[in-house]
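Q: I should like to learn how features are read from a structural model. Could we work through several of them in turn?

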Amino acid sequence: MSKKEERKEVDEREVIPLLNPYKMGNFDLSHRIVLAPLTRSRSYNFVAQSHAVLYYSQRATKGGFLIGEASGVSPTAQGYPNTPGIWTREQLEAWKPIVSAVHEKGAIFFCQLWHAGRVSNSQYQPDGEAPISSTEKRLRKDIGNNKATADRYTTPRRVRTDEVPELVNDFVIAAKKAIEAGFDGVEIHGGNGYLLEQFLKDEVNDRDDEYGGSLENRCRFPLQVVKAVADEIGADKVGIRLSPFADYNDCGDSNPQALGQYMAQSLSEVGILYIHLIEPRMVTQFDKFHTKWSLTPIRKAFKGTFIVAGGYDRSEGNEAISSGAADLIANGRLFLANPDLPARFELDAELNEPDPTTFYTHHPVIGYTDYPFLHHI
């Protein structure tokens, strides 16, 4: 390659919007490609394992931003096998070497705080009790809209009004532990049909107290969580994931646009670092569909960093960044299958195909750390 061709290639790389630097609050990011939080089901006994060191460090780049897999905030938070937690000392210590490995690569790492709510089974609950929720309504379909598997979920117990402050405190304690483990911040999981979204959505929340009924009441508990966590560790270290337009885990809403805009405005007033929104087109977990809804009004209502997720490829991500529709793009399956995704996007290289059959296996290597890098990287 001639020097002229080399300069031309460098110039072309520099105009790729996904590779433009970005200042996210106090964090200097070298590119706009974010590792989305992905449940990997390799955390045995709800404790992160040493093989996660390789998984996360493989996907870490200098100035890159990674969001860790959903981590339970309390003994009642779990809903699936082999998912990690962040409520005990043992769990905290297990995360430390993983966080250190990411930091050694120069990346920024947030811990996603999670409570499954009614998306659970008594076998995961203390003393075999019923999982808790905003409601006593049982799931009719799971995150993949599969009705056949809904019988795995136990009928939930409605959270009492006087129990809500304790739940808020669970998130606060977990956030403190995440910071102690070395994470740079936390993302509160307010989407995908889990506990916080069970309060947000009117097709699930059937309460008649201060946490049900009106839009403001349904948003009260999630906003209390965000405010309490922000007060504890700093709003500049807090993000939230929302999926107002989705119906994951049988959790829909009659007016998702109003819900998304109200939350965005309220979160902007709290001053948190970012909102991480799932695109309306992701009606199901893995397929894109045309929809009348748009994230634009929500984008306008929030003053902080705006992260979007929704099956973005290279060209779609570049368009979203260049048009101002988003500040950062979260990639899940593509980043799983391509641990060097930023480099591949830079070179417009061929991508590995993700293998759905190994997404949630419990093997410490297969479908986890065995996806190949580009040969010359």
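A: Let us begin with a polar contact in this predicted model. The side chain of Asn-249 has a polar atom 2.9 Å from the backbone oxygen of Asn-192.

Q: Where does Asn-249 lie in the chain, and is Asn-249 buried or exposed?

A: Asn-249 belongs to the loop that runs between β10 (238-242) and α7 (256-270). With a relative accessible area of 0%, Asn-249 is buried.

Q: How does one judge the surroundings of a whole helix, and how many residues of helix α2 are buried?

A: A residue is called buried when its relative accessible area is under 20%. In helix α2 (residues 51-58), six of the eight residues are buried, so the helix is largely enclosed by the rest of the structure. Those residues are His-51, Ala-52, Tyr-55, Tyr-56, Ser-57 and Gln-58. Their packing partners are β3 (33-35), β4 (65-67), α3 (89-104), β6 (108-114) and α10 (333-337).

Q: What span should helix α4 have, given its 17 residues?

A: The expected span is 1.5 Å times one less than the number of residues. For helix α4 (residues 164-180) this gives 24 Å, and the end C-alpha atoms lie 25 Å apart, which agrees.

Q: Which residues of α4 are buried, and what do they pack against?

A: An α-helix has 3.6 residues a turn, so residues three or four places apart point the same way. In α4 the buried residues include Val-164, Leu-167, Val-168, Phe-171, Ala-174, Ala-175 and Ala-178. The buried residues of this helix pack against α3, β6, β7 (132-133), β9 (185-190), α5 (195-200) and α6 (215-233). After α4 comes Gly-182, which has a positive phi, near 110 degrees.

Q: How is a pair of aromatic rings described, and how many aromatic pairs are there?

A: One gives the distance of the centres and the angle of the planes. The count here is 16 aromatic pairs. Tyr-55 and Tyr-56 have ring centres 4.8 Å apart and planes at 80 degrees, so this pair is edge-to-face. Tyr-55 is buried, with a relative accessible area of 1%, and Tyr-56 is buried with a value of 1%. Phe-65 and Phe-110 also form an edge-to-face pair, 5.1 Å centre to centre with 85 degrees between the planes. This pair links distant parts of the chain, for Phe-65 is in strand β4 and Phe-110 is in strand β6, 45 residues apart. Both Phe-65 and Phe-110 are buried.

Q: Which residues form one aromatic cluster?

A: Tyr-55 and Tyr-56 join Trp-95, Phe-109, Phe-183 and Tyr-368 in one aromatic cluster.

Methods
Residues are numbered from 1 along each chain as its sequence is written. This is a predicted model: local features need pLDDT of at least 70, side-chain atom pairs count only at pLDDT 80 or more; totals for chains, interfaces and linings use all residues. Side-chain values use heavy atoms; hydrogens and water are left out. Helices (H or I, at least four residues) and strands (E, at least two) are DSSP runs, numbered from the N terminus. Buried means under 20% relative accessible area, exposed over 50%, partly exposed in between (1.4 Å probe, protein chains only). A polar contact is a pair of N or O atoms within 3.5 Å; within protein, one must be able to donate a hydrogen and the other to accept it, and residues adjacent in sequence count only if both atoms are side-chain atoms. Contact means heavy atoms within 4.5 Å. Rings of Phe, Tyr and Trp (its six-membered ring) pair if their centres lie within 6.5 Å; planes under 30 degrees apart count as stacked, over 60 as edge-to-face and the rest as tilted.
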